[in-house]
Amino acid sequence: MASTNDLKNGMVLKLDNGQLWSVVEFQHVKPGKGPAFVRTKLKNVLSGKIVDKTFNAGVKVETATVDRRDMQFSYMDGDYFVFMDMQTYDQLHIERKAVGDSANFLIEGFEATVATHEGEVLYVELPAAVELVIAETEPGVQGDRSTGGTKPAKLETGYEVQVPLFITTGEKIKVDTRSGDYLSRVNS
């Protein structure tokens, strides 16, 4: 349990029948009239839904312990993604729904942050950008080097992304893991 006066960004609260909510931002408000209160913006840990919630100052709220560990993706085992804890070398089998859209950017050896609560995996978080190789794309035609044009390209993970016309098969590119957009070419 914690007081609303102790809230910090990133803190995870257990509200509304045990649902987990992460504090995105908070503001202590002391109006001229009436009691002080805390205005918060909360994000549902599982669904990603963001809501505004107001608490009276000093009210007790239940906090949840979310364990975040850096783990390395090892391999696929049927419908499960197998991650290895970098400190203990324990392996963790994670369902596809907990991995979510991160599955589009995972290849063996990638490191990710795995968040768990009471032994249950909540989500897998990749770095903001990853470097992947273009597995297949149409060749650019001479004269297509101008700005603005894009074409589809299949990454080594099988995910398809729009890239500039000058990108060729076998090149390494940087991809934004939050939006799935091409960011830049990686010079090797």
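Begin the tour at strand β11, the element that gives the most to the lining of the largest pocket, with 6 residues. The model on your screen is a predicted one, and each stop below names what to select in it.

**The largest pocket**

With β11 selected, add K43, V45, Y123, V124 and E125, which lie nearest the centre of the largest pocket among the 34 residues that line it. The space in this pocket comes to about 930 Å³. To see which elements surround it, colour β3 (19-29), β4 (37-44), β9, α1 (96-99) and β11, since these are the elements that give two or more residues to the lining.

**The hairpin of β10 and β11**

Stay with β11, which covers residues 120-125, and now add strand β10, residues 111-117; the two strands run antiparallel and are joined by 5 bridges. Across this pairing, H117 stands opposite E120 in β11. Together β10 and β11 form a hairpin with 2 residues between them, and the residue to pick out in the turn is E118, found in the loop between β10 and β11. Is E118 buried or exposed? With a relative accessible area of 67%, E118 is exposed. Its backbone also deserves a look, as E118 has a positive phi of about 50° although it is not a glycine. For comparison, most residues other than glycine have a negative phi.

**Y89, a second residue with positive phi**

Next select Y89, which sits in the loop between β8 and β9 (91-95). Y89, too, is not a glycine and yet has a positive phi, here of about 65°. Its relative accessible area is 59%, and Y89 is therefore exposed, the cut-off being over 50%. If you then draw a distance from Y89 to T63, the C-alpha atoms are 29 Å apart in space, while the two residues are 26 residues apart in sequence.

**Domains and the annotated region**

Zoom out and colour the chain by domain: domain 1 covers 9-54, domain 2 covers 65-123 and domain 3 covers 127-183. The centres of domain 1 and domain 3, taken over C-alpha atoms, are separated by 39 Å. Now select residues 68-122, which an unreviewed UniProt entry annotates as "domain: Translation elongation factor P/YeiP central". Over this stretch the chain is 56% strand and 7% helix, and its end C-alpha atoms are 10 Å apart.

**Salt bridges of β7 and β8**

A search of the whole structure finds 5 salt bridges, and the stops that follow visit several of them. Select R69 and D85 as side chains; they form a salt bridge in which the closest N and O atoms are 2.7 Å apart. R69 lies in strand β7 (residues 67-77) and D85 in strand β8 (residues 80-85), so the pair ties together parts of the chain that are 16 residues apart in sequence. The two partners differ in their surroundings, for R69 is partly exposed at a relative accessible area of 35%, whereas D85 is buried at 3% relative accessibility. Add D67 to the selection and you will see a network of salt bridges that links D67, R69 and D85.

**Salt bridges towards the end of the chain**

Move on to E171 and R185, whose side chains meet in a salt bridge with an N to O distance of 2.7 Å. This pair links distant parts of the chain, 14 residues apart, with E171 in the loop between β14 (160-164) and β15 (172-176) and R185 in strand β16 (residues 182-185). Here E171 is the buried partner, with a relative accessible area of 17%, while R185 counts as partly exposed at 37% relative accessibility.

For the last stop, select R178 and D176, whose side chains also meet in a salt bridge, with 3.3 Å from N to O. Which of these residues is buried, and which is exposed? R178 counts as exposed at 67% relative accessibility, whereas D176, with a relative accessible area of 12%, is buried.

Terms used. Residues are numbered from 1 along each chain as its sequence is written. This is a predicted model: local features need pLDDT of at least 70, side-chain atom pairs count only at pLDDT 80 or more; totals for chains, interfaces and linings use all residues. Side-chain values use heavy atoms; hydrogens and water are left out. UniProt positions are given in the numbering used here, feature names are shortened, and annotations may be inferred rather than shown by experiment. Helices (H or I, at least four residues) and strands (E, at least two) are DSSP runs, numbered from the N terminus. A salt bridge is a side-chain nitrogen of Lys or Arg within 4 Å of a carboxyl oxygen of Asp or Glu. Buried means under 20% relative accessible area, exposed over 50%, partly exposed in between (1.4 Å probe, protein chains only). Domain bounds come from an automatic or database domain assignment. Two strands pair if DSSP finds at least two bridges between them. On a 1 Å grid over the protein atoms alone, a cavity is a set of points where a 1.4 Å probe fits but cannot get out, and a pocket is an open set with protein on both sides within 12 Å along at least five of seven lines; lining residues have an atom within 4 Å of a point. Grid points are joined across faces, edges and corners, and a volume is the space filled by probe spheres set on the points.
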